[in-house]
Amino acid sequence: KTSFNDSNLSLQTQAQKDAADQNFDYMFKLLIIGNSSVGKTSLLFRYADDSFTSAFVSTVGIDFKVKTVYRNEKRVKLQIWDTAGQERYRTITTAYYRGAMGFLLMYDITNQDSFYAVQDWATQIKTYSWDNAQVILVGNKADLEDDRLVPAEDGQRLADELGFQFFEASAKDNINVKQVFERLVDVICEKMSESVNGEPSPLANHKGPSLQDTPPDKGGCSC
């Protein structure tokens, strides 16, 4: 019988092999965090596979998916980690914060407790991740407007206080899912351009074309 630790080690090995595949120009490690049942796995599956299921299965520990996007004719591999929200997995999941370049911090607009927990999750990011990690606050389940308990204004206000960008999204109705990930990659690219020695990153031209799921036409380089 496979133990949780064995599964965890297998995932790490798989991720290392994925990183060793050099068929990309850049690789960004992204984490999706937040309370249990806010829709982290659903958001990831909608983005990576364009699929959605209403059946709720709690994530055990951590899992990841890979998606390659194109920006200014650069191939960017996204290694997106889906973390468990339960307290008992917290020690395991925070170990993955190291090296993450971006976070999607999620809450459920129909669940006030998940919104109140955002501050604690933000503290964990500050404690366990590197200083330049970029964060977007996401209020998920925007399709459940009739059940809303957290006004969009409150989400925007909290994001402003924390210095995060803010989106409301719906994995079910595919609202703002692609936009959330695109914006997170964009802000990471912008930070990459602000390097210590002042030299712009090859991905610095964030005013170029948005992320695409297929390679762009080979015209003049916009980098």
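How many of the residues of strand S5, residues 134-140, are buried? Before I answer, I should say that what you see is a predicted model, in which local features need pLDDT of at least 70 and side-chain atom pairs count only at pLDDT 80 or more, while totals for chains, interfaces and linings use all residues. Residues are numbered from 1 along each chain as its sequence is written, and side-chain values use heavy atoms, with hydrogens and water left out.

Now to the strand itself. In S5, 7 of the 7 residues are buried, where buried means under 20% relative accessible area, exposed means over 50%, and partly exposed lies in between, with a 1.4 Å probe and protein chains only. Strands here are DSSP runs of E with at least two residues, and helices are runs of H or I with at least four, numbered from the N terminus. On one side of S5 the buried residues are Gln 134, Ile 136, Val 138 and Asn 140, and on the other side they are Val 135, Leu 137 and Gly 139, and both faces are covered.

What are the partners of this strand? Strand S4, residues 102-108, runs parallel to S5 and is joined to it by 7 bridges, with two strands said to pair if DSSP finds at least two bridges between them. Within that pairing, Leu 105 has Leu 137 of S5 as its bridge partner. S5 also pairs in the parallel sense with strand S6, residues 165-168, over 4 bridges, and here the bridge partner of Gly 139 is Glu 168 in S6. Together with helix H6, residues 152-162, S5 and S6 make a right-handed β-α-β unit; right-handed means that, with the strands pointing away from the viewer, the path from the first strand over the helix to the second runs clockwise.

Glu 168 brings us to the charged side chains, since it is linked with Glu 145 and Arg 148 in a network of salt bridges. A salt bridge is a side-chain nitrogen of Lys or Arg within 4 Å of a carboxyl oxygen of Asp or Glu, and a search of the whole structure finds 9 of them. Between Glu 145 and Arg 148 the closest N and O atoms are 3.0 Å apart, and Glu 145 is partly exposed, at 43% relative accessible area.

Let us turn to helix H2, where the buried residues are Lys 40, Leu 43, Leu 44, Arg 46, Tyr 47 and Ala 48. Arg 46 forms a salt bridge with Asp 50, the closest N and O atoms being 3.0 Å apart. Arg 46 counts as buried because its relative accessibility is 14%, whereas Asp 50, at 53%, counts as exposed. Asp 50 comes just after H2 and takes a positive phi of about 50°.

Asp 49 meets Lys 65 in another salt bridge, at 2.9 Å from N to O. This pair links distant parts of the chain, with Asp 49 in H2, residues 40-49, and Lys 65 in strand S2, residues 62-71, which puts the two 16 residues apart. Asp 49 is partly exposed, at 39%, and Lys 65 is also partly exposed, at 22% relative accessibility.

To finish, I return to S5, which, like helix H5 (118-128), supplies at least two residues of the lining of the second largest pocket.
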